[in-house]
Amino acid sequence: LSHNLVVVDDEHQRQHGDSPRRPRFHRMVTAPHMSVVEASSECYPQCSEYRRTAAMAKGPDGATFTLDIFRVKGGGKHTWRAFSEVAASDMADGSLSFEGIAMPPEPPIPDYGASEATEHIAGLRDVRCEGNPPPSWRAVWSDARRSYRLWMLSPVDRVQAGHGPGQETWEEAGRRVRCVEAIREGDDVESVFVAVHDPAGVVTSAEIVETIPHTDPNAVVVQITSEWGTYLVFSDCADEVETDRARFAGAFGALCIPLIGPRWYLASGARTLMTVDGFGFDNGMPEFESVARRDGYDRIALETAIPREQHPVPDDVKHYVAIETDTLATGLPIARMDERTITVDTFPVPDDIRRVRYEAVRYARE
């Protein structure tokens with residue numbers, strides 16, 4: 001229902017013609033109640049980091065929401081852009097409204113038809129702005145059929161809204177989609193954009209949680225309350241942090257307290273995830289790396305033995321291994337792990353594989 005990215009110094013990019021470079025896989029895990037993926041890219045030469053984490057919570061009857069963490073370092077202007085297929089100009093009763101900020105009213109969306117004029121097929125039009133937004137706010141796309149709510153949880157300098165081109169087929173000439181931009185500016189800007197995408201309308205509250213201690217600007221802890229339970233999600237906590245519910249150290253962790261059923265947690269690349277009453281794990285090995293080579297169509301041979309504690313993963317969890325080749329950095333789904341081999345699922349192992357990195361995955365229910 002929605003799409004978003006971060007644009008860094010857009011004018012610099014147009015003038016200098018810098019082209020995107022290869023992406024890098026960090027983690028991917030699919031468990032019964034949550035799926036997590038993280039990747040980065042060297043798409044902007046002025047940026048030392050351009051990395052996105054998405055954690056999708058899965059509830060009853062196919063309902064979902066997604067926590068979206070976008071980390072960007074470098075450049076003078078970061079524009080976090082989002083638009084939705086909901087409330088496009090070809091849908092009846094379409095609107096984009098805001099909660100928590102006083103955005104000026106939206107003018108009627110014009111019909112540009114099949115015009116090929118630059119101002120009709122590129123960029124945003126009828127832009128309106130809120131220059132002093134609070135630390136968190138919400139945007140709601142609605143039409144006669146459905147709605148989609150965006151929860152922005154991190155502070156930004158200003159918020160803009162407008163409409164941009166949304167044509168996807170020849171029959172959709174002139175179609176427009178409603179867009180939102182959250183902008184941060186400065187000298188060598190460092191941004192951590194934290195948002196929740198809620199297409200099912202099941203999130204009742206979302207907030208960034210203060211922890212003890214909380215000195216790392218990359219560390220993010222979010223509490224999300226939904227119609228089916230409360231989630232505490234940790235990301236990039238290099239040092240151990242503590243809330244009133246749990247303590248955590250590592251790359252990613254999620255703890256869920258459902259309204260019905262047992263508590264569960266999911267962690268990837270974590271040393272510790274422990275609740276105040278002792279549910280979880282402590283002082284685990286977060287990851288493993290080794291020189292590697294291809295050993296058949298679907299087998300990776302390792303120079304270093306995999307630590308035994310990283311072997312067991314529940315059958316209903318799909319986990320991935322990050323690989324590096326001469327030209328590629330991606331991830332492959334794991335079918336089986338032995339002491340010195342990893343057997344992958346579905347895809348062939350590249351001939352020029354050089355290294356692997358595996359983040360320990362832990363998933364448990366009470």
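**Side-chain contacts in the predicted model**

The charged end of Arg 138 sits over the ring of Trp 151, at 5.2 Å from the ring centre. A second arrangement of this kind involves Arg 362, whose charged end lies over the ring of Phe 281, 4.7 Å from its centre. The model in which these contacts appear is a predicted one, and the distances and angles that follow are best read with that in mind.

Rings also meet one another in this structure, which holds 12 aromatic pairs. One of them joins Phe 65 and Tyr 231: the ring centres are 5.2 Å apart and the planes stand at 90°, so the pair is edge-to-face. The two residues come from distant parts of the chain, with Phe 65 in strand S5 (residues 64–73) and Tyr 231 in strand S16 (residues 229–242), 166 residues apart. Phe 65 is buried, with a relative accessible area of 2%, and Tyr 231 is likewise buried at 2%. A stacked geometry is found for Phe 234 and Phe 248, with 4.8 Å from centre to centre and 20° between the planes. Phe 234 belongs to strand S16 and Phe 248 to strand S17, so this contact ties together parts that are 14 residues apart in sequence. Both of these phenylalanines are buried. Returning to Phe 65 and Tyr 231, these residues form one aromatic cluster together with Trp 228, Trp 264 and Tyr 363.

Charged side chains offer a further set of contacts, and a search of the whole structure finds 29 salt bridges. In one of these, Arg 178 meets Glu 106 with an N to O distance of 2.9 Å. Arg 178 lies in strand S12 (residues 176–185), while Glu 106 is in the loop between strand S7 (95–99) and helix H2 (118–121), so the pair ties together parts that are 72 residues apart in sequence. Arg 178 is buried, at 8% relative accessible area, whereas Glu 106 is partly exposed, at 27%.

Another salt bridge brings together the side chains of Glu 366 and Arg 263, at 2.5 Å from N to O. This pair links distant parts of the chain: Glu 366 is in the segment after strand S26 (361–365), and Arg 263 is in the loop between strand S17 (246–258) and strand S18 (264–275), 103 residues apart. Here Glu 366 is exposed, with 53% relative accessibility, while Arg 263 is buried, with 17%.

Arg 299 and Asp 295 also form a salt bridge, with 3.3 Å between N and O. Both partners are partly exposed, Arg 299 at 29% relative accessibility and Asp 295 at 30%. Beyond individual pairs, salt bridges that share partners join Arg 27, Glu 38, Glu 49, Arg 51, Arg 71, Lys 73, Asp 236, Glu 287, Arg 357 and Glu 359 into one network.

The cysteines complete the picture, with a count of zero disulfides. For Cys 47, the closest cysteine sulfur is that of Cys 43, at 6.8 Å, which is too far for a bond, because a disulfide requires sulfur atoms within 2.5 Å. Cys 237 is in no disulfide either, and its nearest cysteine sulfur, in Cys 256, is 18 Å away. As for solvent access, Cys 47 counts as buried at 15% relative accessibility, and Cys 237 counts as buried at 0%.

Technical notes
Residues are numbered from 1 along each chain as its sequence is written. This is a predicted model: local features need pLDDT of at least 70, side-chain atom pairs count only at pLDDT 80 or more; totals for chains, interfaces and linings use all residues. Side-chain values use heavy atoms; hydrogens and water are left out. Buried means under 20% relative accessible area, exposed over 50%, partly exposed in between (1.4 Å probe, protein chains only). A salt bridge is a side-chain nitrogen of Lys or Arg within 4 Å of a carboxyl oxygen of Asp or Glu. Helices (H or I, at least four residues) and strands (E, at least two) are DSSP runs, numbered from the N terminus. Rings of Phe, Tyr and Trp (its six-membered ring) pair if their centres lie within 6.5 Å; planes under 30 degrees apart count as stacked, over 60 as edge-to-face and the rest as tilted. A charge sits over a ring if NZ of Lys or CZ of Arg is within 6 Å of the ring centre and within 35 degrees of the ring normal.
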